[in-house]
Amino acid sequence: MVGRRRNGPKGNRGGGGGGGGGGGGGGGAPRQPQQQNQQQQQQRRGQKPRQTLSQPAIFARAKGSETDVPYERVTLEQARKGTPADRPVRVYADGIFDLFHSGHARALMQAKNLFPNAHLIVGVCSDELTHKYKGYTVMTEDERYDALRHCRYVDEVVRDAPWTLSPEFLKMHRIDFVAHDDIPYTSAGSEDVYKHIKDAGMFVPTKRTEGISTSDLITRIVRDYDVYVRRNLQRGYTARELNVGFINEKKYRLQNQVDKMKETVHTLEEKSKHLVHRVEEKSHDLILKWEEKSREFIGNFLELFGPEGAWHMIQERSGRVLQALSPYASPRGSPSSSPTRGRSPSPPSHWPSLRFRSPPATPKARRASPASPGSAGEEEEK
């Protein structure tokens, strides 16, 4: 059965499939034209068309299929060649299908594509039977039934399927073949619960999908139990709903607060790094602009005041203009460089030069001051 436990390290690989198994084909897309033709033929014959891809699959009747046609199995050769549209090959696949995942879907895809015209019947074991032979499930039986009904490869779902298939069950549901992986399934005191099916030539093998199973999913949750408890506490679940004690609840909530603080600090660090990066970019741009402007300023200054700049040209031109406007410039070495004419000398005076003599000194003054040479000469003249 799909999803049942096996002995060995890979015993609970939850059913699955790789590429097609046991003569199986590809996915469901290539079968759409064929299914449309079958629906048209069923409509012409007054039968209800199959609604596998547009509506949920139907539940099988407790008493089996509704028909008065005698039960005659088709052979494997006939099934592979193709059967009439009104006589699809009825393929049965059973399992627990707890936490329905891609491994289950791949197994059912292979079973659906084993033959060109196949009607896939999926049996799902009840909670009572599963808890007895395998163990506790995460999903209830009704949840597992409904999950199978909404799988695109399933045409019909059998509720409360038996753990071991009996001839009466196979006849009641008019089953032609049973699809399952060919690893011996040890359970319920039997080395292989599908041994009698294999001996009857009704067994068609499929392949398993490694790396995904119900047990693997549960192992992930158990391994990271604290993480998922804290996650659900954050989402509003109560400690009672999670079966968590008072102390553990406070511990988990404290861890959540610490994680929030760490996240806040990390966010601030990222923002600060981003701000620093922006400042560095802007400062780099400013430096580049300043260098560019300084080069431009220096270039303009050199163009204006350099040896061959415009300022020197202006000075030279202004000097030439001044020279052109001053034609009476005095020759080099003249006492006056003024362009005006020299003045005429003043006429000589006819008045005789008068000598002004100082008044005679008093006797006291003569005694106080020594006689100057001029005064001595004057005395001699007298």
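This is a conversation about how to read some features of one predicted protein model.

Reader: What should I know before I start?

Author: The model is predicted, so to speak of a local feature we need pLDDT of at least 70, and side-chain atom pairs count only at pLDDT 80 or more, while totals for chains, interfaces and linings use all residues. Residues are numbered from 1 along each chain as its sequence is written, and side-chain values use heavy atoms, with hydrogens and water left out.

Reader: How many helices and strands does the protein have?

Author: Helices (H or I, at least four residues) and strands (E, at least two) are DSSP runs, numbered from the N terminus. Here they come to 13 helices and 6 strands.

Reader: And what share of the residues counts as buried?

Author: Buried means under 20% relative accessible area, exposed means over 50%, and partly exposed is in between (1.4 Å probe, protein chains only). Of the 382 residues, 30% count as buried.

Reader: Where do the nonpolar residues go?

Author: In soluble globular proteins, nonpolar side chains tend to be buried together. A nonpolar core is a set of buried Ala, Val, Leu, Ile, Met, Phe, Trp, Tyr and Cys residues joined through side-chain atoms within 4.5 Å. The largest one here has 25 residues, and those touching the most other members are Val91, Leu108, Phe115, Leu120, Val122, Leu148 and Val154. Two or more residues each come from strand 2, helix 3 (102-112), strand 3 (118-124), helix 5 (141-149) and strand 5 (177-181). Strand 3 gives the largest share, 4 residues. There's also a second, separate core of 19 residues, which includes Ile121, Trp163, Leu165 and Tyr185.

Reader: Which residues does leucine 148 touch?

Author: Contact means heavy atoms within 4.5 Å. Leaving out residues up to four places away in sequence, leucine 148 touches Phe97, Phe100, Leu108, Val122, Val124, Val154 and Val157. Across the protein, take the contacts with a separation of 6 or more: residues 24 or more positions apart account for 75% of them.

Reader: Two of those neighbours are phenylalanines. How do I read a pair of rings?

Author: A pair of aromatic rings is described by the distance of the centres and the angle of the planes. Rings of Phe, Tyr and Trp (its six-membered ring) pair if their centres lie within 6.5 Å; planes under 30 degrees apart count as stacked, over 60 as edge-to-face and the rest as tilted. This structure holds 5 such pairs. In one of them, tyrosine 92 and phenylalanine 169 have ring centres 5.5 Å apart and planes at 75 degrees, so we call that pair edge-to-face. It links distant parts of the chain, with tyrosine 92 in strand 2 (residues 89-95) and phenylalanine 169 in helix 6 (residues 167-172), 77 residues apart. Tyrosine 92 is buried at 0% relative accessible area, and phenylalanine 169 is buried at 8%.

Now your two phenylalanines: the rings of phenylalanine 97 and phenylalanine 100 have centres 6.4 Å apart and planes at 45 degrees, so that pair is tilted. Phenylalanine 97 is buried at 0%, whereas phenylalanine 100 is partly exposed at 27%.

Reader: Which charged residue sits over the ring of phenylalanine 177?

Author: A charge sits over a ring if NZ of Lys or CZ of Arg is within 6 Å of the ring centre and within 35 degrees of the ring normal. For phenylalanine 177 it's arginine 73, whose charged end is 5.4 Å from the ring centre. Lysine 198 lies over the face of phenylalanine 203 too, at 5.0 Å from the ring centre.

Reader: How many disulfides are there?

Author: A disulfide is a pair of cysteine sulfur atoms within 2.5 Å. The search of the whole structure finds 0. Cysteine 125 is buried at 0% relative accessibility, and cysteine 151 is buried at 8%.

Reader: How far does helix 10 reach?

Author: The expected span of a helix is 1.5 Å times one less than its number of residues. Helix 10 (residues 246-305) has 60 residues and reaches 87 Å from its first C-alpha to its last, close to the 88 Å expected. In this helix, Glu249, Tyr252 and Asn256 are buried, and its buried residues pack against helix 9 (225-234).

Reader: Is histidine 173, in the loop between helix 6 and strand 5, buried or exposed?

Author: Histidine 173 is buried, at 3% relative accessible area. Its contacts, not counting residues up to four places away in sequence, are Ala60, Arg61, Gly64, Arg90, Ile121 and Val158.
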